Structure formats: structure tokens, C-alpha cells
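Here is a set of short exercises to work through with the model open beside you. Try each task before reading its solution.

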Amino acid sequence: MRKDGDGGGVELRVDLEELAEVGMVLLPGLANVHGDAARQIHLSSRNDHMILRTPGSGGERSSPVLASWKALRDLLQQAAGDTTVNLGDASKGLLRVVEMYGGADIENQELVDVPVPPVPGAPLPPEAYRPGED
Amino acid sequence: MADTLIEGNGGSWGPHGQAIRDTALEVLELANDLRALEVLDHWGWGVDDVADQGDTGRDAILRRVGDTHRGLLLAQEQEEGFQLGSEFARIPEVFAKYAVGCDLAGHQTAQADLTAAGEILTASGDALMDPIRHRLSEALWAGSAADVFRDEVLDPMNDVGPNQQRAIAELTGALNGHANLVVAAQQGALNIATLTKQALEAAIAAKAPPEPTTMFAVIGTALAFGSIFVPGTQGFALVLALLNTSLAASQLAYTATQTTNPQPVDSTIGGDTAHMIIFSMQVALIALDAAVTAEEVELARKLDETTANFEAMLASPKRSRYIRAARVSIADDAPSKNEFRHRG
């Protein structure tokens, strides 16, 4: 979230723990559910050889319904599988965002810790003066 | 969700398979009986000579006519081109294709699998989505990456599960519809066999052929209105059209038979009644097959329509995210470290 900082600039505040939980736990959980659904849809293909036979053919002819039914079923299975994979990728993406936020924090912290080099002509900071050294 | 499939189908026989087989055998016997009466009644054969014998095949008839008439019968057969007792031998075979191959266990298993998939998808709804929305809200995550994630993944996911469930409902609905059609086709075949049997019995008992109009009306009514095909569907319309056409053809054939095959004076059964009744039966079966085909085509067309809609959505980058989770590259859109100044 962008927010006005005390110095009049803009700062970004993100709770990395919340974001990490979404990327590491919640989104993979959602992906798993869709994976389970995809596997269950796939299971329905185990009887393809014996279902949807044309009535009155003694079970010898497959119905024209079978090809249409399989086409939709396979498309649905593909969509469910893609959902699983894509949600998995999205969770990885979120974790990458968390990583980048974390990396930026560390770098910013290092910047704060490094003493500011003196500017020629500017007064030295108070800590530059040590009693007894004049 | 679609209705539950019909249960108790009795294996590959289906719910009516054994009744169809048994009735077809009775039709065969009765057709042979009636035909024997038609051919042999001028030699003094009566109903009692042919009915309830349990075996009216060719060998039995030749044995029963005895030496006196066997030569005459063979000569008549030769002259007219038929063989008594073997003319209707294919009837059991004709009905067998309706009696067997009707195992619905596969339908039921597939429907159970798909129903389970639908229930799993229900779990992907708010129960799983709400915590994600809540965490993201708490995280105060914003920016281009956050927008991409919300707009392309999170919000469309509200529709992904329900849309996939709709496809599942189409699939289970088609299984149900086809299972009902299997049972209806069996019921239709059984009705035809039963009505044919009754027509043959009536002809034998009354020593008179049934009116073709009456017989076709009965068969047509059984086919069209016997809860086999839903009025308004292609199958229903086709059945009626075929029956109307075949009724006219049968009446013509019946008239021609009476004209060209004058019977002996003492005959009480006119024309080739047995063949006429079996012809009616065959036409009814053709109508049944045609109606079944029309219903199957309609079921397939509905599925194809759903598949086409599904494919069109998947082909559209903007719409596909509502059928399957969008494929996004959040890392590419993530803010660079130079954008950060402070994290509170």
C-alpha cells in the first residue's frame, strides 16, 4: 500500500508474512483441490470402452454420443489440470514477490547503516568531533 | 446436478432384456403357428393342431403333417417359394440386439466419478477463496503485480469452479439421457414384441386377421406415447412420420396379398396374415431404431454445443480465465527493489 511517509515522500508497506502464507499454503491448497478434481475427471475415462453403446446394437456399436461426450470430458479435464498448474505458478510468483520485497528491505537497511560520506564545504556531523582531539 | 441414473439394470441384459428374449421366442412360435394354420387349414388343420405345441419349427411341422400331406406341402412350398416353420427364424436374433449389451454399470461409475469431481470443485469456492482474499487484504499488497493477481487470477477464480461444474452437469446429464434412452429402447422393443404376440394370438384365436389399422395404431401408440420419447423431440416426430408412412404401405401390402393369394373357400384366415403382422413388427422396429438414432444425435448435438462454447472461451485470453485459472507471470510484474524506500 502506498502511503504518505513522515518526510512527505511515499512508502510501501506490505506484510510479507501474510503474502507468504498465501503463496506457500493457501494457493497451493487451492491448486491441490483442482488437481484432485482433474484426477477424478480422468477416472471417469476408465469405462470409455463400455459406456454409451447404441441401444439396439447388442452393445456392438458405440453411440455417436460417445465421441461428443469424450471431447467435452477431455476438454474439462484439461481445464482442471491447467487450473492446477497455473495456480501453482501463481503461488510461485507470489513467493517471488515476497522474496523481492525482502531483498529490497535488506538492501535498504544496508543503505541506512552505511555512514553518509561528507560533502565538501558542508559542516561535519556532530559525531565527527571527539573531545580532546582538537 | 443431474438426476441419478436408473438403477437395477440387471447387467448386460438391461431391465427388460430377458423379457424381450422370452417374448421374441413366443412371437416366433406364434408366427409359425399362424402361418401353419394359413397354409394347412384347408387340410383340416385347426388351432388345436398348431397351438401350444412348443415346437413349430420346420422339422416339427413336417413330422406333424404326416406322410399323406408331406409331399403336397413340399410341392406347394417349392411352387410358392417358402419353407413353413423357417420363415420367421430370425425373429429371436432381431430382438436379441435389443435384449443384450445394455449394461449401465459403466454409466453409473462414470457419473459417480464426475459427481465426485463436482463436489471437490464446490470445496474450491469461498471456503478456500475467502482466506486468500483476507490475507491479501491484511498484507496491504498493492501495485501492478497485485493488480494482475487480483484481476486475472483471484477474481475470475470465483467463476472457474462453477463453470467447470456446469460442464460436469452437461456430462452427467448426457449419461443420464443416454441411460434413459437405453431403457426406453428396451421398453419399446418389449412393447413391440408383446403387441406382436398379442396380434398373432388374436388372429389365431379369432381365425381372422386383425385390422392393420388397429394393429398399427396400437404399436404406434405404444412407441410414441409409452414414455419412450418425449413429445416435441426429433425422435418423437420421426416415429410418428415413419408409422404413418408404414401404415399406408402395410394397408397396400395387405390389400395386394388378399387379391393375389385367394384362399380356399373353407379358409377362415384370409391372406398372409402372419407375414403381415411380422411386417408390421419389423416396421415398428425400424421406427424404433430411427427414433433412437435421432435421440442420440440430439444428445450429441447438445454436447457439441457446450464443447464449442468451452473452446471459444478457452481461445479468448480475456474469457479463458473464467474457465481455468489464468497463467500469469507475477514475478515479471513485481516492483523492483528500487521502488522501495521503507517497509513499516
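Accessible areas here come from the Shrake-Rupley method with a 1.4 Å probe. Keep in mind throughout that this is a predicted model.

**Exercise 1. The two chains**

Task: Find how much surface chain B exposes, and describe the make-up of chain B.

Solution:
- Start with the surface: chain B exposes about 15500 Å², and carbon and sulfur atoms supply 52% of it.
- Next, look at the secondary structure, where chain B has 13 helices and zero strands.
- Then turn to burial: 48% of the 344 residues of chain B count as buried, the cut-off being under 20% relative accessible area.
- Finally, take the contacts in chain B between residues at least 6 apart in sequence; 81% of these join residues at least 24 apart.

Task: Now do the exercise for chain A: in what pattern do its elements follow one another along the sequence?

Solution:
- Count the elements of chain A: two helices and two strands.
- Put them in sequence order, and the pattern reads β-β-α-α.
- For burial, 43% of the 134 residues of chain A qualify.
- For contacts between residues at least 6 apart in sequence, 54% in chain A join residues at least 24 apart.
- For surface, chain A exposes about 7500 Å², with 56% supplied by carbon and sulfur atoms.

**Exercise 2. The nonpolar cores**

Task: Work out which elements give two or more residues to the largest nonpolar core.

Solution:
- A general point helps first: in soluble globular proteins, nonpolar side chains tend to be buried together.
- In this model the largest nonpolar core has 33 residues, and those with the most contacts inside it include Ile91(B), Phe95(B), Ile278(B) and Leu285(B).
- The elements giving two or more residues to this core are α1 (17–40), α4 (91–99), α8 (157–206) and α11 (273–315) of chain B.
- Among these, α8(B) gives the most, with ten residues.
- To see the packing around one member, select Ile278(B): leaving aside residues up to four places away in sequence, Ile278(B) touches Val27(B), Ala31(B), Phe88(B), Ile91(B), Thr196(B) and Leu200(B).
- Lastly, look for the second, separate core of 30 residues, which includes Leu87(A) and Leu94(A) from chain A along with Ile132(B) and Ala326(B) from chain B.

**Exercise 3. The cavity**

Task: Find which residues line the largest cavity, and sort them by class.

Solution:
- As a reminder, rolling a probe the size of a water molecule over the atoms shows where empty space is left.
- The structure holds one cavity of 30 Å³ or more, and about 50 Å³ of space lies in the largest cavity.
- From chain A, the lining has Met50(A), Leu52(A), Arg53(A) and Pro55(A).
- From chain B, it has Gly101(B), Cys102(B), Asp103(B), Leu104(B), His107(B) and Val182(B).
- Sorted by class, the lining has six nonpolar, two polar and two charged residues.

**Exercise 4. Two leucines with positive phi**

Task: Leu52(A) has a positive phi; is Leu52(A) buried or exposed?

Solution:
- The background is that most residues other than glycine have a negative phi, and most peptide bonds are trans.
- Leu52(A), although not a glycine, has a phi of about 55°.
- Leu52(A) sits in the loop between α1 (16–43) and α2 (64–113) of chain A.
- Leu52(A) counts as buried because its relative accessibility is 0%.
- Now treat Leu140(B) likewise: its phi is positive and near 60°, and Leu140(B) is found in the loop between α6 (126–139) and α7 (144–154) of chain B.
- With a relative accessible area of 33%, Leu140(B) is partly exposed.

**Exercise 5. Sequence and space**

Task: What is the distance in space between the C-alpha atoms of Arg96(A) and Ala20(A)?

Solution:
- Locate Arg96(A) in helix α2 of chain A, where Arg96(A) is partly exposed at 34% relative accessible area.
- Arg96(A) and Ala20(A) are 76 residues apart in sequence, and their C-alpha atoms are 9.4 Å apart.

Task: What separates the C-alpha atoms of Thr109(B) and Asp272(B), and which residues does Thr109(B) touch?

Solution:
- Locate Thr109(B) in helix α5 (residues 105–122) of chain B.
- Thr109(B) and Asp272(B) lie 163 residues apart along the chain, with 49 Å between their C-alpha atoms.
- Not counting residues up to four places away in sequence, Thr109(B) touches Arg46(A) and Asn47(A).
- Thr109(B) is partly exposed, with a relative accessible area of 27%.

Methods
Residues numbered from 1 in each chain as written. Chains lettered and ligands numbered in written order. Predicted model: local features only at pLDDT ≥ 70, side-chain atom pairs only at ≥ 80, totals over all residues. Heavy atoms only, no water. Core = buried A, V, L, I, M, F, W, Y, C linked by side-chain atoms within 4.5 Å. Buried < 20%, exposed > 50% of the residue type's maximum accessible area, 1.4 Å probe, protein only. Helix = DSSP H or I, 4+ residues; strand = E, 2+ residues; numbered from the N terminus. Contact = heavy atoms within 4.5 Å. 1 Å grid on protein atoms, 1.4 Å probe; cavity = no way out; pocket = protein on both sides within 12 Å on 5 of 7 lines; lining within 4 Å. Points joined across faces, edges and corners; volume = space filled by probe spheres on them. Nonpolar A, V, L, I, M, F, W, Y, C, P; charged D, E, K, R; others polar.
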